[in-house]
Amino acid sequence: MKATFRAFAPALLLALAACPTASPNKPAVILRTTIVPADSVRMGDSLKITTWLKNPEPEAMIMTFEDQCQVEQFVQTPDKTIVYPPGGGSTCISVPSTLRVAGRDSVRFDAAWLANSSVQGEYVAYGVLSQHQLQRGERDQELKMGHRSNIAIFHVAAQARGTAGNRE
């Protein structure tokens, strides 16, 4: 067993060194999503989705996007169907936009989803940062691919008995 490991150790170390997830580099931005209520929502109730985009660096950053979708929130059913935004996809307006975030500051993006799906079970909510040009200080703009935030898991349950139509 030790001989086998020794034979493959150089190849394993080389593969690990080439792995992008093994990089000690900090992310250009941090994306974090939270939900309220945090654990479950009943059919007919609303779920508040908040995604924070944080600039971890001490200097300000300017992000330039090709459209109005800087950060979008999504909700997926247990079978991975997107139920928010409505229609299962982006609702972006094709007009360029710019976002400036001060050093070590963050920007909040809020959305609300009305739980009106016919499917009960474990859902996920998350935010997605769109592809953008990033500039910090006097450095040249750099193209950055979009990425997803953490996922927030919650449960959608049937509406409580006797509450249908009794909302005030």
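Three strands make up an open sheet in the order β1-β3-β8, with antiparallel pairing; two strands are taken to pair if DSSP finds at least two bridges between them. Strands here are DSSP runs of E with at least two residues, helices are runs of H or I with at least four residues, and both are numbered from the N terminus. The edges of the sheet are held by β1 (30–36) and β8 (106–114), and because each has a single partner strand, one side of each is left without a neighbour in the sheet. On average, neighbouring strands of this sheet are turned by 20° against each other, direction ignored; the angles are taken between axes, which are lines fitted to C-alpha atoms (for helices over the stretch in contact), and run from 0 to 180 degrees between N-to-C directions.

A word on the model is helpful at this point. The model is predicted, so local features need pLDDT of at least 70 and side-chain atom pairs count only at pLDDT 80 or more, while totals for chains, interfaces and linings use all residues. Residues are numbered from 1 along each chain as its sequence is written, and side-chain values use heavy atoms, with hydrogens and water left out.

The overall make-up of the protein comes next. The protein holds 1 helix and 13 strands, and from the N terminus on its elements run α-β-β-β-β-β-β-β-β-β-β-β-β-β. Of its 168 residues, 32% count as buried, where buried means under 20% relative accessible area, exposed over 50%, and partly exposed in between (1.4 Å probe, protein chains only). The accessible surface of the protein is about 10700 Å², and carbon and sulfur atoms account for 55% of that surface; such areas come from the Shrake-Rupley method with a 1.4 Å probe, and for residues only the protein chains shown count as cover. Among contacts in the protein with a separation of 6 or more, 74% are between residues 24 or more positions apart, a contact being heavy atoms within 4.5 Å.

Back in the sheet of β1, β3 and β8, strand β3 (residues 46–54) is joined to β8 by 9 bridges, and the two run antiparallel. Along this pairing, Lys-48 has Ala-112 of β8 as its bridge partner, and Ile-49 has Ala-111 of β8. The side chains of β8 alternate: on one face, Val-107, Phe-109, Ala-111 and Trp-113 are buried, whereas Ser-106, Arg-108, Asp-110, Ala-112 and Leu-114 point to the other face and are not buried. Two residues of that second group, Arg-108 and Asp-110, also meet through their side chains in a salt bridge (2.9 Å, N to O). A salt bridge is counted when a side-chain nitrogen of Lys or Arg lies within 4 Å of a carboxyl oxygen of Asp or Glu. Arg-108 is partly exposed at 48% relative accessible area, and Asp-110 is partly exposed at 39%.

A further open sheet has 4 strands in the order β7-β4-β10-β11, again with antiparallel pairing. Here β7 and β11 stand at the edges with a single partner strand each, so one side of each is left without a neighbour in the sheet. Neighbouring strands are turned by 30° against each other on average, direction ignored. Between β4 and β7, which run antiparallel, there are 5 bridges, and Thr-64 stands opposite Thr-98 in β7.

Links between side chains complete the picture. The structure has 3 salt bridges in total. In one of them, Arg-139 pairs with Glu-59, with the closest N and O atoms 2.0 Å apart. This pair links distant parts of the chain, 80 residues apart: Arg-139 lies in the loop between β10 (132–136) and β11 (142–144), and Glu-59 in the loop between β3 and β4. Arg-139 is partly exposed at 49% relative accessible area, as is Glu-59 at 29%. Another salt bridge joins Lys-144 to Glu-142, whose closest N and O atoms are 3.0 Å apart.

There is also 1 disulfide, defined as a pair of cysteine sulfur atoms within 2.5 Å. The disulfide joins Cys-69 to Cys-92, with an S to S distance of 1.5 Å. Because the torsion about the S-S bond is about -115°, the disulfide is left-handed. Cys-69 sits in the loop between β4 (61–65) and β5 (71–76), and Cys-92 in the loop between β6 (82–84) and β7 (97–101), 23 residues apart. Cys-69 is buried at 7% relative accessibility, whereas Cys-92 is partly exposed at 25%.
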